[in-house]
Structure formats: C-alpha cells, structure tokens
Amino acid sequence: MSDQVIPTGIEVSNSDQVLEIEWSDGHHSEYPLFGLRKNCPCVTCRGGHGNMNSFDRSLFFVDPTQNFEVEDIKQIGNHAIKIFWNDGHNNGMYQWGTLRDMCPCKECYPEQA
Ligand SMILES: [Zn+2]
Ligand SMILES: [Zn+2]
C-alpha cells in the first residue's frame, strides 16, 4: 500500500484536550481526547474481538465527563501509534486507517450537528 495516507505530524495538547494530526494528503484532523480515549481500539475497551472496528464518533462531541491526558505517544512500526494515557491505560494501538476513519471533522463526518 504505497499510496497509504500517513500522518506527517502529530501534536497533542493536554491543556486544550485535543490531539491533532496532519496527514500526507494535506488533511487535518483534530480529536478531542475524551472521545479518543473512549474509542480506544484495544480488545478490553472494545468489549471483544468482534467489536474491534466499531467506533463511535459521536463520542467526540459529547461533554467530557472527565479529562484524559496523554503522557506519551509511541509509533508502532509504520502503521500505528500507541497512546499512553494518564489513567495508566496504554493497550490501544491506533492504526493510521482507524484514526483517519475516526476523523470527526465536518468533511469526514457530516452527520455531526
Ligand atoms: Zn483500551
Ligand atoms: Zn476529516
């Protein structure tokens, strides 16, 4: 997949509660941390292997019931990042394709209010 869209830059701001990604095709994504944590792709958070690709983008638009902070981000190979959350959770491997599919911008997610 040489034409795979990959991040060219990832920035997180815990004070603004947002993770931003610049993509190689010029797209820009902003993920509220609450929704990103709630959409953690690990088996535990998904509630089983059968739900591994079920994400809820509406979680990016709810009022956060708590603040999550990112303590570290590590790239996994050339296809994913691992996010180390301040609640100790770090099992989720956020693959590029998953992150892009989750993009909550108006263009990618016109269903948003
Ligand atoms: Zn998880
Ligand atoms: Zn988008």
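**Entry 1: a term to settle before looking**

Four donors count as tetrahedral if all their angles lie between 85 and 135 degrees, and I wrote this down before turning to the metal sites. I also noted that the model is a predicted one.

**Entry 2: zinc ion (ligand 2)**

I began with the zinc ion (ligand 2) and found it coordinated by His 27 through NE2 and by Cys 103, Cys 105 and Cys 108 through SG, at 2.0 to 2.3 Å. The 4 donor atoms subtend angles of 100 to 118 degrees around this ion, which makes the arrangement tetrahedral. Along the chain, the donors of the zinc ion (ligand 2) follow the spacing H-x75-C-x1-C-x2-C. I then looked up the accessibility of two of the cysteines: Cys 103 is buried, with a relative accessible area of 0%, whereas Cys 108, at 23%, counts as partly exposed.

**Entry 3: zinc ion (ligand 1)**

Which protein atoms are the donors of the zinc ion (ligand 1)? I found SG of Cys 40, Cys 42 and Cys 45, together with NE2 of His 89, lying 2.1 to 2.3 Å from the ion. The site of the zinc ion (ligand 1) is tetrahedral, with angles of 102 to 118 degrees among its 4 donor atoms. In sequence, the donor residues of this ion are spaced C-x1-C-x2-C-x43-H. Cys 40 and His 89 link distant parts of the chain, since Cys 40 is in the loop between α1 (33-38) and α2 (43-46) and His 89 is in the loop between β5 (80-85) and β6 (93-95), 49 residues apart. Both are on the buried side of the cut-off, which I take as under 20% relative accessible area: Cys 40 is buried at 0% relative accessibility, and His 89 is buried at 14%.

**Entry 4: the sheet of β4, β5 and β6**

I next followed the strands and found 3 of them forming an open sheet in the order β4-β5-β6, with antiparallel pairing. β4 (70-76) and β6 stand at the edges with a single partner strand each, so one side of each is left without a neighbour in the sheet. From one strand to the next, the twist averages 30 degrees. Looking at one pairing in detail, I noted that β4 and β5 run antiparallel and are joined by 6 bridges. I also saw that Ile 73 stands opposite Ile 83 in β5.

**Entry 5: aromatic pairs**

How many aromatic pairs does the structure hold? I noted 4 of them. In one, the rings of Tyr 31 and Phe 60 have their centres 5.9 Å apart and their planes at 55 degrees, so this pair is tilted. Tyr 31 lies in strand β3 (residues 28-32) and Phe 60 in the loop between α2 and β4, so the pair ties together parts that are 29 residues apart in sequence. Both Tyr 31 and Phe 60 are buried.

The rings of Phe 61 and Tyr 109 have their centres 5.7 Å apart and their planes at 25 degrees, so I recorded this pair as stacked. Phe 61 lies in the loop between α2 and β4 and Tyr 109 in the segment after α3 (96-102), so this pair ties together parts that are 48 residues apart in sequence. Is Phe 61 buried or partly exposed? At 40% relative accessibility Phe 61 counts as partly exposed, while Tyr 109 is buried, with a relative accessible area of 13%.

**Entry 6: around Phe 68**

I found that ring pairs link Phe 34, Phe 68 and Trp 85 into a cluster. Phe 68 has its place in the loop between α2 and β4, and at 3% relative accessibility Phe 68 counts as buried. The charged end of Arg 37 sits over the ring of Phe 68, 5.5 Å from its centre. I also looked up how far the C-alpha atom of Phe 68 is from that of Asn 78, and the two, 10 residues apart along the chain, are separated by 26 Å. Elsewhere, the charged end of Lys 74 sits over the ring of Phe 84, 5.0 Å from its centre.

**Entry 7: Gln 17**

My last look was at the backbone of Gln 17, which has a positive phi of about 60 degrees although it is not a glycine. The place of Gln 17 is in the loop between β1 (7-13) and β2 (18-23), and at 14% relative accessibility Gln 17 counts as buried.

Terms used
Residues are numbered from 1 along each chain as its sequence is written. Chains are lettered from A and ligands numbered from 1 in the order in which they are written. This is a predicted model: local features need pLDDT of at least 70, side-chain atom pairs count only at pLDDT 80 or more; totals for chains, interfaces and linings use all residues. Side-chain values use heavy atoms; hydrogens and water are left out. Donors are N, O and S atoms within 2.8 Å of the metal (3.2 Å for Na, K and Ca); water is not among the atoms, so sites may look incomplete. Four donors count as tetrahedral if all angles lie between 85 and 135 degrees; four count as square planar and six as octahedral if opposite donors are over 155 degrees apart and all others between 65 and 115; anything else is irregular. Helices (H or I, at least four residues) and strands (E, at least two) are DSSP runs, numbered from the N terminus. Buried means under 20% relative accessible area, exposed over 50%, partly exposed in between (1.4 Å probe, protein chains only). Two strands pair if DSSP finds at least two bridges between them. Axes are lines fitted to C-alpha atoms, for helices over the stretch in contact, and angles run from 0 to 180 degrees between N-to-C directions. Rings of Phe, Tyr and Trp (its six-membered ring) pair if their centres lie within 6.5 Å; planes under 30 degrees apart count as stacked, over 60 as edge-to-face and the rest as tilted. A charge sits over a ring if NZ of Lys or CZ of Arg is within 6 Å of the ring centre and within 35 degrees of the ring normal.
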